[in-house]
Structures are given as structure tokens and as C-alpha cells.
Amino acid sequence: MTKSFAVLIYFSGLVMIATSQLLLKAGMMRIAEAGALSRLDMARLALTMPAVWLGAAAVVAGTICWYVALMRLPLSFMMPMAALIAPSVSIAAWALFGDPLSGAKLAAIGLIAIGALWLGWLNA
């Protein structure tokens, strides 16, 4: 496996992990809309939701991508780049679910993204 292919697999894994969080959030929001349920009823409802199953599958796929990339890429590259998950999920949650994003949060997201990219590519 070439380094370029390992980087592609790695970033695919990051997208899977970010996507998993959004899918799981969508599923959990539906459970919350159902009202006061027992824990057993919440678990039953969760097990019938495609978003929860797809979210769980995306976690597994993202983890597999991480381990495959770990064979070829240095952790000094991978760890800073993994920090890009938080800003990307925050922006997507704002767009999809209306999560609040203040100017200060956007500035912090920008700093995290710049720092992660800078550290990751310096160590590539």
C-alpha cells in the first residue's frame, strides 16, 4: 500500500467517524421526541432505527480505516488530523440540526482546524 493510498483510507475513516456522530445524533433526537420511555423501550426503539444502525456501522468502518492507515502513517500525522473531526461535526450539526454556533465558537473551530492541519502536514 502506498502512502498516498494510506492517506486516502485515513481521511475516509475520519469522514466515517464524523458521519457516524451525525447519524447517531439524528437517531437519538428521534428517541427524545418519543417522550418519556423506559430504558428498555428506548433501547428497542433505537434498535429499529436505520440511522442508529448506519451510525454504528460507520463507527466500525472508520475504526477499520484507522487501523489500516496506522500501518503506514505516523501517529504524529494522524493524531492532529483526527482533531478535524470536532470542527467538521460542529459545523455539520449546525447545518443539519440547528446546533448553536456563536462567533466565538466559529473562531475556535477555525483555530482548531488551522492548528490540526499545520501540525499534521508538518509531521507528514
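1. Contacts of Leu75. Setting aside neighbours within four places in sequence, Leu75 touches three residues by name: Trp66, Leu70 and Pro80. The model is predicted, so these contacts are computed from a prediction.

2. Where Leu75 sits. Leu75 belongs to helix H4. That helix covers residues 75-82.

3. Exposure of Leu75. Is this residue buried, partly exposed or exposed? Its relative accessibility is 46%. Leu75 therefore counts as partly exposed, because that class lies between the 20% limit for buried and the 50% limit for exposed.

4. A pair distant in sequence. Leu75 and Gly120 are 45 residues apart along the chain. Their C-alpha atoms are separated by 9.2 Å.

5. Secondary structure. What does the chain contain, helices or strands? There are six helices and zero strands. Read along the sequence, the pattern is α-α-α-α-α-α. H4, with Leu75 in it, is one of these helices.

6. Long-range contacts. Take the contacts in the chain with a separation of 6 or more. Of these, 75% join residues 24 or more positions apart.

7. Burial and surface. The chain has 124 residues, and buried ones make up 27% of them. The exposed area is about 7600 Å². Carbon and sulfur atoms supply 74% of that area.

8. Overall dimensions. Along the principal axes, the C-alpha atoms fill a box of roughly 50 × 40 × 20 Å.

Conventions: Residues are numbered from 1 along each chain as its sequence is written. This is a predicted model: local features need pLDDT of at least 70, side-chain atom pairs count only at pLDDT 80 or more; totals for chains, interfaces and linings use all residues. Side-chain values use heavy atoms; hydrogens and water are left out. Helices (H or I, at least four residues) and strands (E, at least two) are DSSP runs, numbered from the N terminus. Buried means under 20% relative accessible area, exposed over 50%, partly exposed in between (1.4 Å probe, protein chains only). Contact means heavy atoms within 4.5 Å. Accessible areas come from the Shrake-Rupley method with a 1.4 Å probe; for residues, only the protein chains shown count as cover.
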